[in-house]
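User: I would like to learn how to read the domains, core and ligand shells of a model. Could we go through one together?

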Amino acid sequence: MNSRSPVFYSADAVRRVLNWPMVNEAVETALKAVVATPTIQDDKQQAPPYSQSHVSQPARSVTSANKEHSKMLLTMPAFVGNYRLTSNGMGDDSSAVSCSTLACKVVTSFRSNQLLQPPLPSISANILLFDPGTGELNAIMAGTDITTWRTVSASLVATKYLFFRRFGPHAERELAINVAIVGCGVQGQLHAAAMCANFKVNQLNLYNRTESKAQQLANQLEEQILKADNNCNAPNKVNIKVCSSAREAVQQVDVICVATYSKEALIQASDLRDKRSVHINAVGAGEVHFGEVAADIYEESLVYVDCMSNAEHELHGLPAPIVGELGAVIIGGSYPTEQAVTIFQSMGMASEDACVAEAVQMALASCGK
Ligand SMILES: NC(=O)C1=CN([C@@H]2O[C@H](COP(=O)(O)OP(=O)(O)OC[C@H]3O[C@@H](n4cnc5c(N)ncnc54)[C@H](O)[C@@H]3O)[C@@H](O)[C@H]2O)C=CC1
Ligand SMILES: O=C(O)C1=NCCCC1
């Protein structure tokens, strides 16, 4: 019998400690850890530190709660063994702690929740954290915000390595970009704010099926930017535009984030700018993960995924071959060419949830909560 009751970490507690350096570090760690440890001529002397970690991440189970598969319960288990996190998310070795995490996220995706009065979020999650030594349940952590933050963070990491790094080793700090957000729901809203918080964004185009939602997001972002301006810590001036079509939003941009439930393609190759050099974070997951982006874009793109073994289960019929895992690009440094169209096909990984939940637990422990 379990000797003590599991701790419960509420959504408020989690929200208090979430920040981009911490989440980005945990997500980048998970993306690297899932990359199979290289075995080729296993030269122990040259083995990089990431090869010490170990991930077990079986395909998630999906339980439909209606015939249309629009109400789903997913279980997402993962073990991430022997990886390192720093206390401030800055990657400095002096504060790095060695971690092993055994976790299972239980998450529902009920897209009709948006139609309720008042609406509820479509995605709702909790993360179970187990003692990796005894298997006992140690904690239950509210996981809805972690799901949003770690998904957005995966898009940030993908943008850094698949887009910026084609232009040089510090391009993510130096180069200003134009960004389009297609779908201004929970994911789209945080993608918009995070792109502006983590990169130099000149132009931010917003498109949503119901235009008022895009307008509402524009107003919120303007307010945040104004506040940052008044506090003299504004990153840079962002020009925000609400667009009346996805085509208008994506036409002249460098980076596109698409996060809807659409089964039909929302963007086509003819919508992209002539001078290519475009990166797309394809986040939405209806019945088909890749429905939001037209086949003619996939056909001219280099497609990267978070996890190859999950892709084998979930990306049947993808209209292009997969080049590889994002983690392998981070580790190996083989970035796309400047003019490439790249797609990060984000499925979402249990190991990201596990590493972020561990980082959140560390942060809460360090501030005595
Ligand atoms: N890749 C990943 O790791 C994750 C992916 N997701 C996926 O991201 C997508 C968005 O999730 P949330 O922002 O939480 O949902 P949400 O319900 O908050 O927002 C969805 C947005 O998409 C728009 N939309 C829905 N159907 C559409 C259609 N047919 N055509 C055009 N626009 C449409 C709605 O207007 C809404 O603004 C979902 O597909 C969800 O499954 C969610 C979590 C993690
Ligand atoms: O990775 C996740 O978490 C989810 N992905 C697809 C939709 C539900 C949640």
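**Reading the model step by step**

Analyst: Let us start with one residue: V356 touches V23, A26, V27, I146, W149 and R150, leaving out residues up to four places away in sequence. Here, two residues are in contact if their C-beta atoms, placed from the backbone, lie within 7 Å. This is a predicted model, where local features need pLDDT of at least 70 and side-chain atom pairs count only at pLDDT 80 or more, while totals for chains, interfaces and linings use all residues. Residues are numbered from 1 along each chain as its sequence is written, and chains are lettered from A and ligands numbered from 1 in the order in which they are written.

User: Which residues touch the most other members of the largest nonpolar core?

Analyst: A nonpolar core is a set of buried Ala, Val, Leu, Ile, Met, Phe, Trp, Tyr and Cys residues joined through C-beta atoms within 7 Å. Buried means that 20 or more other C-beta atoms lie within 10 Å of a residue's own. In this model the largest core has 99 residues, and V182, L206, I256, V258 and V356 touch the most other members. The top contributor is α3, with 10 residues. Helices are DSSP runs (H or I, at least four residues), numbered from the N terminus.

User: Why does this core lie between the domains?

Analyst: Domain bounds come from an automatic or database domain assignment. Domain 1 (7-147 + 351-368) and domain 2 (148-349) both give residues to this core, so it lies between them.

User: How many residues does each domain bring to the contact?

Analyst: The C-alpha centres of the two domains lie 22 Å apart. Domain 1 brings 26 residues to the contact and domain 2 brings 25. On the domain 1 side, α2 (20-33), α3 (144-163) and α11 (350-366) each supply at least two residues, and α2 has the largest share with eight.

User: Which residues are closest to ligand 1?

Analyst: A residue belongs to a shell if its C-beta atom, placed from the backbone, lies within 6 Å of the molecule. Ligand 1 has 28 residues around it, the closest being G185, Q187, T260, S262 and G348. Among the elements, α5 gives the most to this shell, with three residues. Both domains give residues to the shell, so it lies between them.

User: And which residues surround ligand 2?

Analyst: Around ligand 2 are L74, V107, S109, I123, T147, A285 and G348.

Methods
Buried ≥ 20, exposed ≤ 12 C-beta atoms within 10 Å, placed from the backbone.
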